Amino acid sequence: MRVAIESKSFGGDEILKDISLTLEPGSFTVLTGPSGCGKTTLLRILAGLDTDWRGHIEGAEHLAYVFQEPRLLPWRNLLDNIRLAAEPAGHGAEAAAALATVGLEGYEDAFPGTLSMGMARRAGLARALAVKPAVLLMDEPFVSLDEAAAGQLRELTLDLWRKIRPSVLMVTHNLAEAAAMADRVLVLSGRPAVIAADLSLDRPRDRRDSGWVRDFSGRLRETVGNGAVPADPGSL
Amino acid sequence: MPGLVTVPASLLALVLLWALLAVFTDPEILPPPLAVLALAAEEWHSGDLLFHLGATLGRVLTAFILAMAIGAAIGIALGLSGKANRAFDPWLIVALNIPALVTIVLCYLWFGLTEVAAIAAVAVNKIPNVAVTLREGARALDRELAEMARLYRFGPAATLRHVILPQLAPFMTAAARSGIALIWKIVLVVELLGRSNGVGFQIHLYFQLFDIGRIFVYAIAFILVMQAVELGILQPWERHASRWRRV
Ligand SMILES: Nc1ncnc2c1ncn2[C@@H]1O[C@H](COP(=O)(O)OP(=O)(O)OP(=O)(O)O)[C@@H](O)[C@H]1O
Ligand SMILES: [Mg+2]
């Protein structure tokens, strides 16, 4: 998908300016930047949830969105929650399969209020992937989970991404997470915000050991902190 | 459930108090419970009790459904549109403050002493209350879930059924509960003023005949019917609609 945002304002406040972005099919892009810089705003524009901006967008048809709060319908069980998004006319076979892929088989009849946050997040992920999206937008999908649960969910997300291959654009503040998961990192910063850095990560994920992740995320931290492009991004 | 123990005991005490007072009172003024029961059996066997209860219940249900549907539509529209609400909120306040008797009398004068006028008068009395309650419900609708439904292309029908109505259900129940209580009282007035059957008509008749026993029969019978509606329909429905809250 491709987007060119000339300008996005709330009231008189210009939040985003001159942002051009192309997401290659099957790519995994992480978007990071200081709090309040406009990451969620950008995601909502891509998702078509915000239409009050100047610019143009294409290839935004087959979308899914993993919200920061899972946004499940509390009064419908898990199977119905997924069925309503993925196969409204079907009998729930696909929805049940989607639940199984995130390890929630047996929870088809459970209401979301009975789930732990980790399970609810997995259900949100199952719903997003059950629609077989071409583009998957994720807004801080692993926050407020303990490290073990977050780690599992990251693995699961990468597994499912490899299988279904949507273009992912994921927002996070966790730079180690960005270093471990992304094949491209975008840093959004400034007011109005622009893309302050655009880094490619060629290193295969299985060779990103903890030392490398620490090193890369440390450099990323400097970039986010300065809001500037590092002198030699290729060396990262 | 401690309620099961205390409610019947409390009601029994009320009947006993009634019986006790009746001992010291002229039975013409306050007939004892057993005498009222005997009269009720008489009215039942003659078919009158069932006929008039049925007539009243029919009016209550028709007016109730009309008031809920129209009131909900108005309330939801006002709750969703700030502009509409600012324009029509004063109308609603006026409507809320029209005495029931005025609506009834005007309906009979405008539309004649007909069934339609009777039911319209009752419904019109209740519509503003339903609208106010559902307006609160519509204001409280979750925007995040609405966005989710839009993003995943639920479409209008599924959005209404699976996203909006479940959120309005508690407000519907609240409106239904206070609605049925108000409506059945107004229906009796409407029957008294301009119908020739129904519990209100019978009470008026026995008022003129000074037959306090039969007034008790019809009043108590209808209270029992309305309690049965509450326990047999409203409460089970509420439990069903809120089953997802039970963790
Ligand atoms: N609906 C809105 N009305 C007015 N201002 C808004 C609205 N939504 C966001 N903003 C403002 O736009 C700016 C960007 O918000 P946004 O939520 O996109 O930031 P973010 O980068 O996602 O931050 P965080 O990392 O804290 O989630 C903030 O200054 C915020 O106050
Ligand atoms: Mg955000």
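**Exercise 1. The order of elements in chain B**

Task: Read along chain B and state what pattern its elements follow.

Solution.
- Start at the N terminus. Along the sequence, chain B runs α-α-α-α-α-α-α-α-α-α.
- Count by type. Chain B holds 10 helices and 0 strands.
- Know the terms. Helices (H or I, at least four residues) and strands (E, at least two) are DSSP runs, numbered from the N terminus.

The model is predicted: local features need pLDDT of at least 70, side-chain atom pairs count only at pLDDT 80 or more, and totals for chains, interfaces and linings use all residues. Residues are numbered from 1 along each chain as its sequence is written, chains are lettered from A and ligands numbered from 1 in the order in which they are written, and side-chain values use heavy atoms, with hydrogens and water left out.

**Exercise 2. Extent, burial and charge of chain B**

Task: Describe the box, the buried share, the surface and the charges of chain B.

Solution.
- Box: along the principal axes, the C-alpha atoms of chain B fill roughly 70 × 50 × 30 Å.
- Burial: of the 247 residues in chain B, 40% are buried. Buried means under 20% relative accessible area, exposed over 50%, and partly exposed in between (1.4 Å probe, protein chains only).
- Contacts: take those in chain B with a separation of 6 or more. Residues 24 or more positions apart account for 74% of them. Contact means heavy atoms within 4.5 Å.
- Surface: about 13900 Å² of chain B is exposed, and carbon and sulfur atoms supply 73% of it. Areas come from the Shrake-Rupley method with a 1.4 Å probe; for residues, only the protein chains shown count as cover.
- Charge: chain B carries 18 positive and 15 negative side chains, with the centres of the two sets 16 Å apart. Lys and Arg count as positive, Asp and Glu as negative; His and the chain ends are not counted. Each charge is placed at NZ of Lys, CZ of Arg, CG of Asp or CD of Glu.

**Exercise 3. The same survey for chain A**

Task: Give the elements of chain A and explain why chain A counts as compact as a globular protein of its length.

Solution.
- Elements: chain A has 7 helices and 9 strands.
- Compactness: the radius of gyration of chain A is 18 Å, close to the 18 Å from the globule rule for 236 residues, so chain A is as compact as a globular protein of that length. The radius is taken over C-alpha atoms, and the rule is 2.2 Å times the number of residues to the power 0.38.
- Box: the C-alpha atoms of chain A fill roughly 55 × 45 × 30 Å along the principal axes.
- Burial: 53% of the 236 residues in chain A are buried.
- Contacts: in chain A, residues 24 or more positions apart make up 68% of the contacts with a separation of 6 or more.
- Surface: chain A has an accessible surface of about 10100 Å², and 49% of it belongs to carbon and sulfur atoms.
- Charge: chain A has 26 positive and 31 negative side chains, and the centres of the two sets lie 1 Å apart.

**Exercise 4. Domains of chain A**

Task: Locate the domains of chain A and describe their contact.

Solution.
- Bounds: domain 1 covers 2-62 + 133-235, and domain 2 covers 74-132. Such bounds come from an automatic or database domain assignment.
- Contact: domain 1 of chain A gives 15 residues and domain 2 of chain A gives 11 residues.
- Spacing: the centres of the two domains of chain A are 26 Å apart, over C-alpha atoms.

**Exercise 5. Two residues to place**

Task: Decide whether L220(A) and T29(A) are buried or exposed, and list their contacts.

Solution.
- L220(A) sits in helix α7 (residues 210-226) of chain A. Its relative accessibility is 0%, so L220(A) counts as buried.
- Beyond neighbours within four places in sequence, L220(A) contacts L175(A), A178(A), V185(A), V187(A) and L199(A).
- T29(A) belongs to strand β3 (residues 28-32) of chain A. At 0% relative accessibility, T29(A) counts as buried.
- Beyond neighbours within four places in sequence, the contacts of T29(A) include L23(A), V168(A), M170(A) and D183(A).

**Exercise 6. Backbone features**

Task: Find where in chain A the residues D18(A), R165(A) and P192(A) lie.

Solution.
- D18(A) is in strand β2 (residues 13-22) of chain A. Its phi is near 50°, positive in a residue other than glycine. At 54% relative accessibility, D18(A) counts as exposed.
- R165(A) is in the loop between α5 (147-164) and β7 (167-171) of chain A. Its phi is positive, about 55°, although R165(A) is not a glycine. At 43% relative accessibility, R165(A) counts as partly exposed.
- P192(A) is in the loop between β8 (184-189) and β9 (194-200) of chain A. A cis peptide bond joins R191(A) to P192(A), with omega about -5°.
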